[in-house]
Amino acid sequence: MRTRFFWLWSLLSVGAMAQPRPADDPFLHRLYDRLHASPAQTKYRTIAPMPIGAVYVQQPGEGETEMRAHFRTMKQLGFNALKQIMTVPGWTIEQVQLIALEEGIIPWWYGEGGWQSITPALLKTLDIPVSTPMAEVRQHPRMLAYQQELLRQRILKSDALMKATGKPLKDRSVAYEPELGGRGFDLTDRGKQLFRQWVRQQYGTIERLNQVWNQNHAGLQPGEGDPFASWDDFEKRYGQLGNKEYRHLHDILDFKVEHSLESIRQTCERFRAFDSSAVFRGGGEIGLFHPLAWYGVDLERVADLMTRYGSFYPSIHFAWHYGEVNYELVRPFYMQASLANDFFKGGWAATWESTGGPQQFSGGRGGADFTVDEGTITQFLLSQIAAGFRGWGAWAWNARTAGWEAGEYALLDRHNQVTARAVRMGQIGQAANRYRDELWAAHKEPIVGVLYDWHNEATWAAMSESGREEFRLRPMQARVGISRALINANIPFEYVTTPDLAKGLGGRYRVLYVPAQVSLSRDLVRQLGEYVRQGGRLVMDVPSGYYDEFTALLPTKAGSEFEQLTGVTIRDYQGSGVNRTCRLGATPVSGMIATLQPTTARVVSRFDDGQPAITEQTAGRGTAVVLGYEAARMCFRPGQAAAENQLISQVLGTNQPPYRCTDAIVYRLAAPAADHYFFINDGPARTASLTTGAIRYKAVVDALTNEPLDLNRPVPLDANSGRWIRAIR
């Protein structure tokens, strides 16, 4: 019944969508932190774990002596956890876990997150004064001994379970489960039966189903006959409903998501019953540039489920998860991590499955030639921290020795020697743990919110049937395009979802960018109208507003809610770049364009044929801007400077970024004690000047070396690398 309840929730939440910006909390951090609040998340925030882990692959001939040497080296470099353990025949994972624990390495990806909650009662039991600062509590000998024994008992309990059942307890979810059918709209016979039951529960009456599935429109009925006459008729003729009707395809994907979520929830409950202190991880080995809705996956809902049970993560491997962005790395590092973090606002997100070393042969497609050195690792990890991740688990410490992935992905070299990339990962890990409390207290302070709507992605997926697979990627391409333009201009941004807006988070953003929203629900139009009236700047590009939430044409004529919001009607959608190319100034336009007819909006700029290209309307205290072309998607590929500049000029309006740097990418996290700046240099060695505007600091240091820095002078940056700066308030 989720969709029906969501409609009602959206209607009831319109007034809450744009919360006022209190003077002491202009970015609504308190609301942000409440979005996924729970006893589990409170425990993590209290302990502030920062696991720096890697997979240990036992190699032939390695015994206890060699293992201990590995774990001591890991600890010396700055690692404190094992992401995973792979053993050769004759050894068990539990045997290796006990050895690692004795060497001071927590043998799970979650590190201290798997401790028992530190409560006043526990402090009293351990005779530790309640007033003791948490940083001291975590290092207190009695606390360490207590938690160490708890972890040891967990290993013994897991070992007993393995001996009794022959299999371990499942402690993670997978993003995609093919139980009811393959990717897309494929359903097994059981899947079809369960889907029909789900449809009945979802819509209640056959009349409602006919309305939502567009049975009152021409040519979309089962067998192109009549609408469904009854539920019995639905059971008989459902199989005749073709792919021309999009909403039922959307619903198949939604059904698959809900079934998967229930399976994950049951797994979480079994895991929690076995060990209430251990951490479950949800997410999976799925790239966030993939067409997630078409896979039948909604990672935001998976993250929501982790509120009670643990941490949310994506898998991040260059050769597996960057094909859809043509294997570009540097900017997509931040985009991917930000999307995952922003799905779980206020919760514990991290990259628990990430790259450690070179990869040439063992990717999803193969043939992408990467260099993964200490510079790449620096760019990668600093982007993850800047996006809000708290910890990481690298695949792997050392490499497999034969067959698949042999010699690849590892921090050590092919001879098990420590490399510069391993040292650098450890150095960043040491800094992350040194400032763990600041990082857990830190927030992004975004100027722009970039909208992500799973239902819109599902509509694009429905449109991709009948050989039009590229439609599945269009919303991702638009999201990458606007993100690229914002990153290159050093404009702080964050992905915001439609449920976030319904919960009142809209007021966090001075600008809300809506890219490629082909399915624009009436409820969302009302929410966006409230956002504008409260003072926000809404910027929407093409083909936003093509369909409504049911994939019927959205009314945009004079007097419609869309026209009242934007001050324009859309007469048609045309195209540019095939038989005719429009220009915006000197820039050629490619993709769809809208035939805009202003009613109350002013025309900001026109195409070279004189037709309105960009319009702006003032409503209440805010503005609504329509970009009549695929402005974000035109920036999908690198090197589109003119398109990016045009886009940024319309996004910002009169808003100004809080800091400036023209010589490097800079991300920022703001914490009460210090701000953290992450410089990413995607080119030769250089210096970069950072201007922080009205923000003043007591001192500035390099986070890894503690070297004092003066922001009045340019900051030196190594080639193809990055630098982490801590600015003390």
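**Packing, rings and strands in the predicted model**

Leaving out its neighbours within four places in sequence, Thr 376 is in contact with Phe 318, Phe 333, Thr 371 and Asn 720. The model is a predicted one, and Thr 376 is found in its helix H16, which covers residues 374-387. Is Thr 376 buried or exposed? Thr 376 has a relative accessibility of 8%, so it counts as buried, the cut-off for that label being under 20%.

Two arginines also turn up on the buried side. Arg 154 belongs to helix H8 (residues 141-165) and has a relative accessible area of 5%, so it is buried. What does its side chain find there? On one hand, the side chains of Arg 154 and Tyr 110 are joined by a polar contact of 3.1 Å. On the other, the side chain of Arg 154 gets to the backbone oxygen of Gly 114 at 2.8 Å. With neighbours up to four places away in sequence set aside, the contacts of Arg 154 are Trp 108, Tyr 110, Gly 114, Asp 275, Ser 277 and Ala 278. Tyr 110 and Gly 114 thus show up both as contacts of Arg 154 and as its polar partners, Tyr 110 through its side chain and Gly 114 through its backbone oxygen.

The other arginine is Arg 421, in helix H17 (residues 420-434). Its relative accessibility is 13%, so Arg 421 counts as buried too. Which backbone oxygen does the side chain of Arg 421 reach? That of Ala 410, at 3.0 Å. Not counting residues up to four places away in sequence, Arg 421 touches a string of residues that includes Gly 356, Gly 357 and Pro 358, then Val 372, Asp 373, Glu 374 and Ile 377, and also Ala 410, Leu 411, Leu 412 and Asp 413. As for His 36, Arg 421 is 385 residues away from it in sequence and 35 Å away in space, C-alpha to C-alpha.

Moving on to the nonpolar side chains, the largest core has 186 residues, and those touching the most other members are Phe 71, Trp 213, Leu 299, Val 448, Tyr 513, Tyr 629 and Trp 724. Helix H12 (residues 246-274) supplies the largest share of this core, with 10 residues. Another core, of 32 residues, lies apart from it, and Tyr 32, Leu 501, Leu 565 and Ala 601 are among its members. In soluble globular proteins, nonpolar side chains tend to be buried together.

Aromatic rings get a count of their own: 44 aromatic pairs. One of these is Phe 271 with Phe 280, an edge-to-face pair at 5.7 Å centre to centre with 70 degrees between the planes; both residues are buried. Phe 493 and Tyr 495 also pair edge-to-face, at 5.5 Å centre to centre and with 85 degrees between the planes, and here again both are buried. Ring pairs also build a cluster out of Phe 195, Trp 198, Trp 213, Phe 228, Trp 231, Phe 234, Tyr 238 and Phe 255. Trp 213 in that cluster was already on the list of core residues touching the most other members.

Some rings have a charge for company instead. Arg 183 lies over the face of Tyr 295, at 4.2 Å from the ring centre. Over the ring of Trp 294 sits the charged end of Arg 472, 3.8 Å from the centre.

Phe 280, from the first ring pair described above, also belongs to strand E3 (residues 280-284). Why is E3 largely enclosed by the rest of the structure? Because 5 of its 5 residues are buried. Phe 280, Gly 282 and Gly 284 point one way from E3, while Arg 281 and Gly 283 point the other way. E3 pairs with strand E4 (residues 310-316) in the parallel sense over 5 bridges, and Gly 282 stands opposite Phe 312 in E4.

An antiparallel arrangement appears elsewhere: 5 strands form an open sheet in the order E18-E19-E24-E21-E22. At its edges stand E18 (665-670) and E22 (708-709), each with a single partner strand, so one side of each is left without a neighbour in the sheet. E18 is joined to strand E19 (residues 674-681) by 6 bridges, and the two run antiparallel. Within this pairing, Leu 669 has His 676 in E19 as its bridge partner.

Terms used: Residues are numbered from 1 along each chain as its sequence is written. This is a predicted model: local features need pLDDT of at least 70, side-chain atom pairs count only at pLDDT 80 or more; totals for chains, interfaces and linings use all residues. Side-chain values use heavy atoms; hydrogens and water are left out. A nonpolar core is a set of buried Ala, Val, Leu, Ile, Met, Phe, Trp, Tyr and Cys residues joined through side-chain atoms within 4.5 Å. Buried means under 20% relative accessible area, exposed over 50%, partly exposed in between (1.4 Å probe, protein chains only). Helices (H or I, at least four residues) and strands (E, at least two) are DSSP runs, numbered from the N terminus. Rings of Phe, Tyr and Trp (its six-membered ring) pair if their centres lie within 6.5 Å; planes under 30 degrees apart count as stacked, over 60 as edge-to-face and the rest as tilted. A charge sits over a ring if NZ of Lys or CZ of Arg is within 6 Å of the ring centre and within 35 degrees of the ring normal. Contact means heavy atoms within 4.5 Å. A polar contact is a pair of N or O atoms within 3.5 Å; within protein, one must be able to donate a hydrogen and the other to accept it, and residues adjacent in sequence count only if both atoms are side-chain atoms. Two strands pair if DSSP finds at least two bridges between them.
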